[in-house]
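User: I am new to this structure and would love a close look at a single part of it. Could you pick one helix and walk me through its surroundings?

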Amino acid sequence: MSDKKILMVASPGGHFVQLSLITEALSTYCNNFIIVGIYERKPTFIKGDTYFQVSDFNRDNPTVLFKSIRQAWLLLREHKPDLVITTGAAPGFVFTAISKLLGIKAVWVDSIANSRKLSLSGRFAKMLGVHVLTQWQNVARDFSVLYKGRVI
């Protein structure tokens, strides 16, 4: 079992469910997960003892972006994870972008729902040099990202 620290971040709903499945799969290799979401409390279906709530935002309420950037910066600086993994959306992008600034490896796993094209946040993450994975072979081919199978 690795002593590496992995920060896992996702938006609610399907993003968070997919993140929980990734966490479950990685739990045989790592037992030090920091879970970040917008839920008031950590959902019981995801592994990890440490949970932090952050602000959610999207294209329709971009003013919250600055609060999210501050929260991500403080959490990443304090906890110094070895890796950040996200399944999206906006808060996950903020964490991956700031992790790149801090020299922390990051992985973006685009949602299974994006079967025809890479999400906007996934495209931005790719431009920042984040490792981007899709769950669809055609999207991997069309957007020059990695395909390693599906989470669901």
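Analyst: Happy to; here is a walk along helix α1, then out to the cores and pockets around it.

A word on the model before we start: it is predicted, so local features need pLDDT of at least 70 and side-chain atom pairs count only at pLDDT 80 or more, while totals for chains, interfaces and linings use all residues. Residues are numbered from 1 along each chain as its sequence is written, and side-chain values use heavy atoms, with hydrogens and water left out.

Helices (H or I, at least four residues) and strands (E, at least two) are DSSP runs, numbered from the N terminus. Helix α1 takes in residues 14–26. The expected span of a helix is 1.5 Å times one less than its number of residues. For the 13 residues of α1 that gives 18 Å, and the end C-alpha atoms are 18 Å apart, so the two agree.

Which residues of α1 are buried? They are Phe 16, Gln 18, Leu 19, Ser 20, Ile 22 and Thr 23. Buried here means under 20% relative accessible area, exposed means over 50%, and partly exposed lies in between (1.4 Å probe, protein chains only). As a general point, an α-helix has 3.6 residues a turn, so residues three or four places apart point the same way. The cover over the buried residues of α1 includes the strands β1 (6–10), β2 (33–37), β3 (50–53), β4 (83–88) and β5 (105–109).

Leu 26 also belongs to α1. Leu 26 counts as partly exposed because its relative accessible area is 24%. Setting aside residues up to four places away in sequence, Leu 26 touches Ile 6, Phe 33 and Ile 85, where contact means heavy atoms within 4.5 Å.

Now to the cores. A nonpolar core is a set of buried Ala, Val, Leu, Ile, Met, Phe, Trp, Tyr and Cys residues joined through side-chain atoms within 4.5 Å. The largest one has 26 residues, and those with the most contacts inside it are Leu 7, Val 36, Leu 76, Val 84 and Phe 95. Helix α3 gives the most to this core, with six residues. A second, separate core of 15 residues includes Phe 16 of our helix, along with Ile 6, Phe 33 and Leu 133.

Helix α1 also helps to line a pocket. On a 1 Å grid over the protein atoms alone, a pocket is an open set of points where a 1.4 Å probe fits, with protein on both sides within 12 Å along at least five of seven lines; lining residues have an atom within 4 Å of a point. The second largest pocket holds about 190 Å³ of space. Its lining includes Ile 22 and Leu 26, together with Ile 85, Val 107 and Leu 133 among others. The elements that give two or more residues to that lining are α1, β5 and β6 (131–134).

The largest pocket holds about 580 Å³ of space. Of its 26 lining residues, those closest to its centre are Arg 59, Ala 89, Ala 90, Leu 120 and Ser 121. Helix α3 gives the most to this lining, with five residues. To link the two places, Leu 26 and Ser 121 are 95 residues apart in sequence and 24 Å apart in space, C-alpha to C-alpha.

Note on methods. Points joined across faces, edges and corners; volume = space filled by probe spheres on them.
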